[in-house]
Amino acid sequence: MKLDIESKGIDFHQLIENSINSVLIVGKKGEILYCNKACLDLFHLNTPKEIMTKDIWFFLHSSFHDNSKNRLKRVFLKREKLERIEVKMKRSNSELIDVEVITAPFYSENHVFAQVSMLDITDRKATEKLLKDREKLASVGQIAAGIAHEVKNPLTAVKGFLHLIKESKSHPYLDIMEDELTKALNTLENLLQVSKPDLHDEPLIPIDLCKELTSILALFMERLYTIDVSLDLRDSEKKIVGKKNLFQRALFNLMKNAVEAIEEKGLISIEHFYKDEYVHIRISDSGVGIPNEKLKMLGTPFFSTKSNGTGLGLTQVFTTIHEHHGNISIQSEVGKGTTFHVQIPVKKDE
Ligand SMILES: Nc1ncnc2c1ncn2[C@@H]1O[C@H](COP(=O)(O)OP(=O)(O)O)[C@@H](O)[C@H]1O
Ligand SMILES: [Mg+2]
């Protein structure tokens with residue numbers, strides 16, 4: 001159907017005002033002259049007044065100011081329509097969002113302005129980052145697994161011969177050598193299991209994660225004299241389908257980190273519940289916390305801040321959760337504690 005715009009008298013102002021794109025009209029110095037409803041929503045504002053009293057620099061992250069000033073010059077002086085860019089903007093509550101921006105001149109009554117069209121791409125960026133992180137983890141894991149495999153065989157041979165030598169004569173050094181070799185082989189075995197979770201092909205079975213959480217907690221009994229535990233395990237009938245051994249080890253690794261994060265006394269809370277077709281597990285500790293710059297390192301093989309750490313625990317956790325199409329998010333504050341939030345999809349009954 002052809003829409004006869006002229007005779008129907010379409011109100012173009014309303015079209016822009018209610019457009020699904022966020023639109024701003026900006027003056028030479030970045031002053032905001034107009035903003036539509038979608039734009040108010042983007043910045044979490046209620047009335048146009050709240051935005052008109054500010055300029056574009058208020059909403060733009062300072063690292064993009066110089067480039068954006070040059071872009072505005074190109075619009076006003078050269079009347080150029082500019083290429084699309086991605087910037088970080090600030091909502092009224094200071095929350096940062098990723099925004100894709102297109103800017104072009106807009107002419108009205110012999111004046112020129114800049115029209116800025118914006119699209120919130122925060123979710124898209126987060127997904128891209130997640131995929132990139134997974135790829136990075138997978139490729140580091142593959143290299144590590146390759147090396148582990150190559151080194152494991154000769155070391156196993158050395159250990160075998162050492163054993164034979166020990167049978168014919170004894171020497172205190174031989175015991176130390178054997179112990180050290182066993183440690184090295186254990187590390188390699190751990191690494192192989194972490195980077196190739198399918199190494200021991202496990203069947204997929206229904207798992208009651210509440211039950212697993214309770215039995216794993218019992219393994220830490222000794223430390224639990226000084227650490228309080230708060231358990232809130234609900235919806236235990238909601239079972240996930242997956243590889244049980246992998247989950248047992250992942251939950252063990254998370255709990256071990258929580259226990260190790262607490263220096264003396266503290267609290268660990270463990271929650272299990274079902275929401276929106278996912279089983280959620282939250283393991284929180286009141287321990288040392290993780291500084292912001294280290295958060296992104298978590299899950300990288302061998303990243304450890306502990307003198308006797310392997311840095312493989314979280315790698316195993318991340319690979320297990322990703323293999324089961326789940327998500328993990330981490331919140332932490334130095335000196336206050338850390339929460340690991342795991343979500344695993346539960347298949348609906350057919
Ligand atoms: N609950 C936690 N609280 C504080 N830091 C943590 C926590 N969990 C993990 N970390 C940090 O992440 C690093 C890597 O953890 P992990 O992969 O389990 O290796 P490891 O425990 O052997 O160091 C730890 O060394 C620690 O710095
Ligand atoms: Mg650990």
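**Ligand 1 contacts and the interface between domains 2 and 3**

In the predicted model, a nitrogen atom of ligand 1 lies 3.4 Å from an N or O atom in the side chain of T338. Two further side chains were examined in the surroundings of the ligand. For D285, a side-chain N or O atom is placed 2.9 Å from a nitrogen atom of ligand 1. For N257, the partner on the ligand is an oxygen atom, at 2.8 Å from an N or O atom of the side chain. Ligand 1 is surrounded by 19 residues, of which N257, S304, T305, K306 and L314 come nearest.

The protein chain is divided into domain 1 (11-120), domain 2 (121-196) and domain 3 (200-350). The centres of domain 2 and domain 3, taken over C-alpha atoms, are separated by 23 Å. Ten residues from domain 2 and 14 residues from domain 3 take part in the contact.

Between domain 2 and domain 3, an area of about 1100 Å² is buried, and carbon and sulfur atoms contribute 68% of it. Zero salt bridges are counted between domain 2 and domain 3, and the count of residue pairs in polar contact, with both residues at pLDDT 80 or more, is likewise zero. On the side of domain 2 that touches domain 3, helix 7 (122-168) and helix 8 (172-195) each supply at least two residues. Helix 8 gives the most to this side, with six residues. Classified by residue type, the side of domain 2 that touches domain 3 comprises five nonpolar, three polar and two charged residues.

Definitions and conventions. Residues numbered from 1 in each chain as written. Chains lettered and ligands numbered in written order. Predicted model: local features only at pLDDT ≥ 70, side-chain atom pairs only at ≥ 80, totals over all residues. Heavy atoms only, no water. Domains from an automatic or database assignment. Contact = heavy atoms within 4.5 Å. Buried area = accessible area lost by both parts, 1.4 Å probe. Salt bridge = Lys/Arg side-chain N within 4 Å of Asp/Glu carboxyl O. Polar contact = N/O pair within 3.5 Å; in protein donor to acceptor, adjacent residues only side chain to side chain. Helix = DSSP H or I, 4+ residues; strand = E, 2+ residues; numbered from the N terminus. Nonpolar A, V, L, I, M, F, W, Y, C, P; charged D, E, K, R; others polar. Near = heavy atom within 4 Å.
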